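Reader: I'd like to talk through how the words we use for interfaces are justified. Could you take me through one example, step by step?

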2 protein chains.
Amino acid sequence: MTTQTGRTALVDELIAIAGPGAVLTDAADMEPYAVDWRRMFFGTPLCVVRPAATQEVADIVRACARHGAAVVPQGGNTGLAGGATPDGSGGEVVLSLQRMACIRALDPVGMTMEVEAGAILQTVREAALEQGRMFPTGIGAEGSATIGGIVSTNAGGVNVLRYGMTRALVLGLEVVLADGTVVNGLRRLRKDNAGYDWKQLFIGSEGTLGIVTAAVLRLVPAPQHSVTAFIAVPDIDAALAFYSLAQSRIGDTLSAFELISAASVGLQEKHFGLKSPASGGQWFILLEGASSLAGIGEAVESLLAEAFESGLAVDGVAAASQQQARALWEIRERITEAEGREGRSVKHDISVPVTAIPAFLADAGKALEDLSPALRLNVFGHLGDGNLHYNVMMAGPGDDGAAINRTVHDAVLRHGGSISAEHGLGQYRVGEWLRTKTPAEQALSAALKQTLDPAGLLNPGKVLPRRDRG
Amino acid sequence: MTTQTGRTALVDELIAIAGPGAVLTDAADMEPYAVDWRRMFFGTPLCVVRPAATQEVADIVRACARHGAAVVPQGGNTGLAGGATPDGSGGEVVLSLQRMACIRALDPVGMTMEVEAGAILQTVREAALEQGRMFPTGIGAEGSATIGGIVSTNAGGVNVLRYGMTRALVLGLEVVLADGTVVNGLRRLRKDNAGYDWKQLFIGSEGTLGIVTAAVLRLVPAPQHSVTAFIAVPDIDAALAFYSLAQSRIGDTLSAFELISAASVGLQEKHFGLKSPASGGQWFILLEGASSLAGIGEAVESLLAEAFESGLAVDGVAAASQQQARALWEIRERITEAEGREGRSVKHDISVPVTAIPAFLADAGKALEDLSPALRLNVFGHLGDGNLHYNVMMAGPGDDGAAINRTVHDAVLRHGGSISAEHGLGQYRVGEWLRTKTPAEQALSAALKQTLDPAGLLNPGKVLPRRDRG
């Protein structure tokens, strides 16, 4: 759709569908929808349309298809890979789901919740907690992130270890297909093997195969007792052995097992001044155990005693109150911001098999040193998931971000890992996906895209390359 | 492929690929592969081929495609819906994965296991337990069922409540596509958002989209302490209220919450004589709590006390030993066999939202009584999953099995349920799927089949209708 007349006609149609107040065309109004959260990608949409109902979404998709205009679905716009940012052509339509924010039903006995795509994650979590239930997906951006966004990106977070990715928490979906068909799969069932589980295709595909308009979520009982501990371990092998011990002793109660490098804690201390409650090791573990049984406190104490005795841990503290636990988590949560204050960095969201972490760290560290000896690392992540935020602080303007990226990803591949554990590909990692995936997987992915979006109008250039480039 | 010459040529090619000992053509040799476990479906295959490696599977699929012959993949042949039984045309090739039974790797620290499709479920579970880890999918047929089979059918079982269906336990897959392409996605990663999660398509699609040749499974720590209790509850509303109470008190430790009707216990007593340890209610609950924390015993006692006090339970016993626990489970496990001894029945594997169970039971019971007042019910299942084995005992030769089927399924649909919770559609439920699914879901399913198996040669007539009939 390249003519000005065509563009004006499409905007008029969208206004007719969603109402004049629901279509933004002014550049200043559109700016919050046109730039990603990390300010890496800057788009120029034709307009932003904010429908209030599934049928409006279907009508919008159909109108855009008639005009050959691409649709870029967007939730809270908190993605970390540019997956919800339009291109600079001035022809893409941002479809914001924010106004569809209704919690349609919450069943605390069946432990399900039906919500619209634009519902804020934090709102959903609070509504569940009020009924003694929990929606486990928890991420830093939960105050802005939407259910449609976390479903479309299969969001992770710190509790994946226990509850799985968002995929494991979706029971039903409603999606709008590229031709405007509404497929209603909003079943509130915990088991359903009646045919292909087509909803899986739309989870984690970042709006490139269809648009998620509502979901049925699975809730879990909220645990009554929890313990948080912050532990210094001598080296990465000890960290892994400590993890294995924790799994054997209290594995079913582990809700977080975070790995933090001494350098990360140092960065945080430098910029925020929160004093580490443990010292003497190269790595730290932030561990959370939670259970309906009060014995979890004693069990964690006993685990720590065993770890100290066997030399797997050298120092540590278990929180005696909710407030102390919050303080321990704050050390972890400040790391990303501290990194930003320190200077420019190249971020990686990688995973490797849990047992490959020590070998990967040695290998990647060596490869980066060969590339540029002045690079420093800020490594932290979810040890139990094999997911590391392996961030490389750039030493000067001469450092080549793309080369750093390739160096890290090549090491990831040598250890059987993934170039995106939880953030998704968006537009940021499409090139690396093309470079690193096998031809068979690329062909299969392209076939699915071709089937579900033959005209290539759903979020083009995200996850897969644009067709004309591919 | 209809000519005798073509058939002989294909058999010769298969022998060249897999070796003469790996191709069965004698009717007596083929019989165990040609009839389903329930002896509802009787097929006449062209031959049975038993490859020993993935590349042989690929070559076999390619040879069959060249000859236009359909391929029916088969594992332990324990399915309950005829999903692995060939048709009667004499032209379909049964591809048995049984010889590919290797456990390639078991990582107790990373808690993953890579196994070939033909590995026996029980063998896999025992191998994990030897390392203090557990593969949670457990079903009655685990001594024969294979990993390829449980992945392809997304098998359920009694522990779904806690660990999810098999889908939640698959980290990586290797599949052979309809054109013989091998797609290797055997990643041992707990988190991987690098592109479309294409493996989800092959889980639960019963070999109609591709053939699973190997999988990476997710293991969990084996809980050290468990308690089993058998409880009589006055009525179905009390059963549901008791379930909700159990979730609030010890939800994270619940690994089973089975519902058994008094009639089911009666059938079992009649044919096997195992005495029920509780009485006085219309329904029974078989509950299992398991934890790494020893406090689980006390917590279950306290839950039962609260249930008795509030009138949600009227009688019951908690097992004091592993042996007693086994005895309680045996009551549950004998029900199906007792039903068989009692006479002919129409079995249903349905699910409804957990909170809809009482209304569904009333509604379905009424509808069946209207159909034929002499029908009796044998209802038991997984309450926490909303999954009931709602079996109807036929009173005489005049009863119409298909009408009973439709009556039950119509009630299921009125309550937002599924006509197959865990057994899958196979060939048994394709007609009911066609009758009950929305056009949008049918079209989406057909589009996926068309993309991945354009010639319709992968397990035709299973999950979806055969193309010429569709």
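What follows is a short conversation about the contacts between two chains and between two domains.

Author: Happy to! One thing to keep in mind is that this is a predicted model.

Reader: What makes the pair D252(B) and R162(A) a salt bridge?

Author: The side chains of D252(B) and R162(A) come to 3.2 Å, N to O. The cut-off is 4 Å between a side-chain nitrogen of Lys or Arg and a carboxyl oxygen of Asp or Glu, so the pair qualifies.

Reader: How many salt bridges are there between chain A and chain B?

Author: The count is 10 salt bridges. Polar contacts between chain A and chain B come to 43 residue pairs, with both residues at pLDDT 80 or more.

Reader: Which elements of chain A supply at least two residues each to the side that touches chain B?

Author: Among them are α6 (160-163), β9 (182-185), α8 (236-250) and α16 (439-452). The largest share, 9 residues, comes from α16(A). By class, that side of chain A has 35 nonpolar, 33 polar and 17 charged residues.

Reader: How many residues of each chain are in contact?

Author: Chain A brings 85 residues and chain B brings 86. The cut-off here is heavy atoms within 4.5 Å, so each of these residues meets it.

Reader: What is the area buried between chain A and chain B?

Author: About 6500 Å², with carbon and sulfur atoms giving 58%. In chain A, K191(A), N193(A) and Y196(A) lose the most area to chain B, together 16% of what that side buries.

Reader: Now for the inside of chain A. Where do domain 2 and domain 3 of chain A lie in the sequence?

Author: Domain 2 covers 103-221 and domain 3 covers 225-336. Their centres, taken over C-alpha atoms, are 30 Å apart.

Reader: How do you know that domain 2 and domain 3 of chain A are in contact?

Author: The contact takes 4 residues from domain 2 and 12 residues from domain 3. These have heavy atoms within 4.5 Å of the other domain, so the word contact applies. The area buried between the two domains is about 590 Å². On the domain 2 side, V158(A), L161(A) and R162(A) supply 88% of the area buried against domain 3, more than any other three residues.

Reader: How many salt bridges and polar contacts does the rule find across that domain interface?

Author: The rule finds 0 salt bridges there, and 2 residue pairs in polar contact. By class, the side of domain 2 that touches domain 3 has 2 nonpolar, 1 polar and 1 charged residues.

Methods: Residues numbered from 1 in each chain as written. Chains lettered and ligands numbered in written order. Predicted model: local features only at pLDDT ≥ 70, side-chain atom pairs only at ≥ 80, totals over all residues. Heavy atoms only, no water. Buried area = accessible area lost by both parts, 1.4 Å probe. Polar contact = N/O pair within 3.5 Å; in protein donor to acceptor, adjacent residues only side chain to side chain. Helix = DSSP H or I, 4+ residues; strand = E, 2+ residues; numbered from the N terminus. Nonpolar A, V, L, I, M, F, W, Y, C, P; charged D, E, K, R; others polar. Domains from an automatic or database assignment.
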